[in-house]
Amino acid sequence: MSSQTITADAAGTWKLGDLPVHRLGYGAMRLTGSAAFHHGTPSDRDRSIAVLRKAIDLGVNHIDTAAFYFSSLRSANELINTALGPYPDDLVIVTKVGPYRAYDGEWGTSARPEDLRGHVEENLRQLGRDHLDVVNLRRMPKYDSIAEHFGVLAQLRDAGLIRHLGVSGIEPRHLAEAQAIAPVVCVQNRYALDRPDPAADELLRICGAQGIAFVPFYAVAGESGEHGATTAHDEGVRAVARAHGASPAQIRLAWTLHQGPHVLAIPGTGNPDHLAENVAAGAIRLTDEELDRLGAPRQRAGASG
């Protein structure tokens, strides 16, 4: 398949609240260097800016970022601001708050509720915005409940600093906890073809029933997580890829999008060619037989677990 002529609208659309986005978006985590966080080589600035502009040219209108996405020389938010400002009217930028990294890149103490306004204002400053389209509260393991933190974000939404709220890294009970405080437009959780997770499957189902966007991260990376795209593709993935003239990574993205019309994908890359391939995955249509073959190992692992 030719990836250079396929744009993000091929994946269809969904709404984050009242904001329509193409279901194939872009994650900015890998924009700043060879590693997701403080280890690795910083990215080439011009190349990173070119990747962002190419994403827009390919119809991407949903970018996921965070103030804690930075390397020793690069900040994802600053790159987004430089490359894309003044922003296209249809561009939706989603950020997240909660975790914290110090200037040296090391992870610091997670945000207390009273810290969250500062986190939000830092994202506003870096992105050059007067409000944030969507802010996800990333649940921090040290806090069993998210109610107090989410309540602060709800107040900031009421104050006009945030348009819509989401949650990330949660269990089903946390979604209900947040919804008792304010509307939730998206759930961003780890979810991948090769990673059986009954709680994530339940969240996927709940979100679909309630019209909430479900936004997997590490859909291509799988078990590799923050270390980058996996190369551990089973023969089922490779066979389906051959049948479509696609890469295994494209098939993993296509499988992700086939999990429901409310599922969005946000693959990240600092490589312009990989970006085009990721966007093109939104045009792949898998048959029921292919979906069964791809999902069989996941179902077996879930059954044995």
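Me: Helices (H or I, at least four residues) and strands (E, at least two) are DSSP runs, numbered from the N terminus; where, in those terms, is Pro86 found?

Reply: Pro86 is found in the loop between α2 and β5, and the peptide bond that leads to Pro86 from Gly85 is cis, with omega near -10 degrees. This is a predicted model in which local features need pLDDT of at least 70 and side-chain atom pairs count only at pLDDT 80 or more, whereas totals for chains, interfaces and linings use all residues. Residues are numbered from 1 along each chain as its sequence is written, and side-chain values use heavy atoms, with hydrogens and water left out.

Me: What makes the phi of Tyr218 worth noting?

Reply: Most residues other than glycine have a negative phi, and most peptide bonds are trans. Tyr218, which is not a glycine, has a positive phi near 65 degrees, and its place is the loop between β9 and α7 (235–244).

Me: Why are β1 and β2 said to pair?

Reply: Two strands pair if DSSP finds at least two bridges between them, and strand β1 (residues 13–16) and strand β2 (residues 19–22) are joined by 4 bridges in the antiparallel sense, so the condition is met. Trp14 stands opposite Val21 in β2, while Lys15 has Pro20 of β2 as its bridge partner. The two strands form a hairpin with 2 residues between them, and Gly17 in the turn has a positive phi of about 65 degrees.

Me: How do you know which strands are at the edge of the open sheet?

Reply: The open sheet has 7 strands in the order β3-β4-β5-β6-β7-β8-β9, with parallel pairing, and the edge strands, β3 (26–27) and β9 (213–217), each pair on one side only. Within this sheet, strand β4 (residues 62–64) runs parallel to β5 and is joined to it by 3 bridges, with Ile93 in β5 as the bridge partner of Ile63.

Me: What makes up the contact of α2 with α3?

Reply: The axes, which are lines fitted to C-alpha atoms, for helices over the stretch in contact, with angles running from 0 to 180 degrees between N-to-C directions, come within 8 Å for helix α2 (residues 76–84) and helix α3 (residues 116–127) and cross at roughly 35 degrees. Contact means heavy atoms within 4.5 Å, and this one is made by Asn77, Glu78, Ile80 and Asn81 of α2 with Asn123, Arg125, Gln126 and Leu127 of α3. These residues divide into 2 nonpolar, 4 polar and 2 charged, where Ala, Val, Leu, Ile, Met, Phe, Trp, Tyr, Cys and Pro count as nonpolar, Asp, Glu, Lys and Arg as charged, and the others, Gly among them, as polar.

Me: At what angle do helix α1 and α2 pack?

Reply: Helix α1 (residues 45–57) packs against α2 at an angle of about 65 degrees, with the axes 9 Å apart. The residues in contact include Ile49, Leu52 and Ile56 of α1 and Leu79, Ile80 and Leu84 of α2, and by class the contact has 7 nonpolar, 2 polar and 3 charged residues.

Me: Which helix lies across β8 and β9?

Reply: Helix α6 (residues 198–210) lies across β8 (186–190) and β9, and runs at about 150 degrees to β9.
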